[in-house]
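Me: I should like to understand the terms used to describe this structure. Please set each value against its definition.

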Amino acid sequence: MEIREEEFLAPGHRGCAGCGATVGVRLALKALGKNTVAVSATGCLEVITTPYPETAWDIPWIHVAFENAAAVASGVERALKTQGKDAQVVAFAGDGGTADIGLQALSGAMERGHNIIYICYDNEAYMNTGVQRSGATPYGASTTTSPPGKESFGEDKPKKNIPMIMAAHGVPYVATASISYPEDFMKKVQKAKEIDGPAYIHLHQPCTTGWGFDPSKTIELGRLAVETGSWILYEIEDGEFHVTYRPLQRKMVDEYLMAQKRFKHLTEEERERIQHNVDALCTELKI
Amino acid sequence: MVNIGACVKEPGSTRKNKTGSWRTFKPILDKEKCIDCENCVLFCPEGCINKDYDIDYDYCKGCGICAEECPVKAIKMERG
Ligand SMILES: Cc1ncc(C[n+]2csc(CCOP(=O)(O)OP(=O)(O)O)c2C)c(N)n1
Ligand code: SF4
Ligand code: SF4
Ligand code: SF4
Ligand SMILES: [Mg+2]
């Protein structure tokens with residue numbers, strides 16, 4: 001795979017040392033190239049890349065609010081089309097901005113069939129405001145609004161399955177990806193660009209600050225998620241589902257969980273329950 | 001006066017902000033050991049390793065991802 005040398009996200013941004021979100025954006029923009037207009041929802045990525053009056057973006061970029069990245073992307077796409085301009089519109093929104101407050105705007109954009117790529121960078125909580133749970137927070141994770149204690153053991157609901165909700169819209173392209181598998185991710189972004197109509201990519205992105213691990217381990221954590229079967233890489237092209245990466249030998253989920261502070265409180269029984277759920281899904285998908 | 005929005009006209013202007021000052025540990029890359037895999041280039045959150053594997057210390061925050069992801073341990077983290 002030919003990978004562009006050019007960078008479209010400048011350094012000097014305010015992301016934490018070891019931030020996975022900026023890795024995701026760098027890779028996506030390398031796959032898309034210069035003729036791209038980006039939209040962001042409110043969240044870490046928006047805050048760290050645009051400390052007014054500076055911007056890290058080397059391509060046109062727009063931010064309006066937390067809840068409407070997909071609506072803004074729809075508007076930009078339609079405006080460019082009306083003016084006869086040909087540029088790819090890509091939206092980047094966090095898991096909160098996607099699974100929670102931005103879901104109806106996203107559903108509307110998918111339904112209307114805009115030619116946009118929507119990338120959810122999923123760090124599995126509201127990081128920008130101090131690690132509150134989102135609909136995409138996984139079962140068992142400790143966040144400031146799902147703390148372990150006498151009354152609770154961490155997040156008590158399973159991760160909301162947004163890519164499948166997107167697939168149910170019947171859009172031409174849906175994929176999951178991870179920043180730790182750059183070729184797989186960039187190929188998916190390129191496919192999404194080639195497709196006429198809406199494309200949705202759900203990008204798993206470890207967060208050193210919110211998950212509690214050393215900044216040097218960001219890529220390793222993303223890899224452990226995939227190698228343990230906790231995060232599955234697949235795509236759905238015109239309704240056809242297929243897994244794009246299968247670990248040679250699936251690792252135990254414990255290896256992933258125990259490497260992060262947000263899961264440290266889990267008892268053996270709770271971790272076994274998580275392993276059981278992962279096993280069930282992986283068996284179904286032959287992983 | 002209430003501003004209804006703002007526009008930044010200089011692309012990539014965060015380059016004015018030298019995040020190298022955040023660094024505690026410094027990655028030192030040994031080009032003799034390097035096998036051209038590009039892992040460090042792709043995974044650096046700052047995009048501050050160029051195609052010749054020169055690290056731009058003006059921006060490197062010292063996260064250590066490059067050292068961790070180098071398959072031949074060509075990058076060492078040193079204090080300072
Ligand atoms: C309507 C509205 N409600 C709340 C907020 C405050 N807020 C800003 S960012 C954010 C959380 C973002 O979480 P996520 O989308 O997961 O992105 P992350 O910061 O994790 O990258 C919240 C609650 C807001 N800006 N607008
Ligand atoms: S809190 Fe997480 S997602 Fe936000 S800037 Fe820091 S590392 Fe990146
Ligand atoms: S230590 Fe981190 S910021 Fe510095 S060059 Fe390596 S990956 Fe980039
Ligand atoms: S990760 Fe190591 S081997 Fe690969 S390009 Fe960088 S220095 Fe060279
Ligand atoms: Mg988030």
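Reply: The questions below take up the two chains, a metal site and some unusual backbone angles.

This is a predicted model, in which local features need pLDDT of at least 70 and side-chain atom pairs count only at pLDDT 80 or more, while totals for chains, interfaces and linings use all residues. Residues are numbered from 1 along each chain as its sequence is written, chains are lettered from A and ligands numbered from 1 in the order in which they are written, and side-chain values use heavy atoms, with hydrogens and water left out.

Me: What makes chain A as compact as a globular protein of that length?

Reply: Chain A has 11 helices and eight strands, where helices (H or I, at least four residues) and strands (E, at least two) are DSSP runs numbered from the N terminus. The radius of gyration is taken over C-alpha atoms, and the globule rule is 2.2 Å times the number of residues to the power 0.38. For the 287 residues of chain A the rule gives 19 Å, and the radius of gyration is 18 Å, close to that value, so chain A is as compact as a globular protein of that length. Along the principal axes, its C-alpha atoms fill a box of roughly 60 × 45 × 35 Å.

Me: Why is chain B called more spread out than a compact globule?

Reply: Chain B has two helices and two strands, in the order β-α-α-β from the N terminus on. Its radius of gyration is 16 Å, well over the 12 Å from the globule rule for 80 residues, so chain B is more spread out than a compact globule. Its C-alpha trace spans about 60 × 25 × 15 Å along the principal axes.

Me: How many of the residues in each chain are buried, as a percentage?

Reply: Buried means under 20% relative accessible area, exposed over 50%, and partly exposed in between (1.4 Å probe, protein chains only). By this standard, 58% of the 287 residues in chain A are buried, and in chain B the share is 40% of 80 residues.

Me: What makes helix α9 of chain A mostly covered?

Reply: Helix α9(A) covers residues 218–227, and eight of its 10 residues are buried. Among them are T218(A), I219(A), L221(A) and G222(A). Just after α9(A), G229(A) has a positive phi of about 80°.

Me: What share of the contacts in each chain joins residues at least 24 apart?

Reply: A contact means heavy atoms within 4.5 Å. Of the contacts in chain A between residues at least 6 apart in sequence, 69% join residues at least 24 apart. In chain B, 66% of the contacts with a separation of 6 or more come from residues 24 or more positions apart.

Me: Which residues are the donors of the magnesium ion (ligand 5)?

Reply: Donors are N, O and S atoms within 2.8 Å of the metal (3.2 Å for Na, K and Ca); water is not among the atoms, so sites may look incomplete. The magnesium ion is coordinated by D95(A) through OD, N123(A) through OD1 and A125(A) through O, at 2.0 to 2.1 Å. Along the chain these donors follow the spacing D-x27-N-x1-A. Both N123(A) and A125(A) are buried.

Me: Why is E38(B) called partly exposed, and K73(B) exposed?

Reply: The relative accessible area of E38(B) is 37%, so E38(B) falls in the partly exposed class. For K73(B) the value is 59%, and K73(B) is therefore exposed. E38(B) sits in the loop between β1 (25–29) and α1 (39–43) of chain B, whereas K73(B) is in the loop between α2 (65–69) and β2 (75–79). E38(B) and C70(B) are 32 residues apart in sequence and 8.7 Å apart in space, C-alpha to C-alpha.

Me: What makes the backbone at E38(B), K73(B) and P53(A) worth noting?

Reply: Most residues other than glycine have a negative phi, and most peptide bonds are trans. E38(B), which is not a glycine, has a positive phi of about 75°. K73(B), also not a glycine, has a positive phi of about 55°. Y52(A) and P53(A) are joined by a cis peptide bond, with omega about 5°. P53(A) lies in the loop between α2 (44–49) and β2 (61–63) of chain A.
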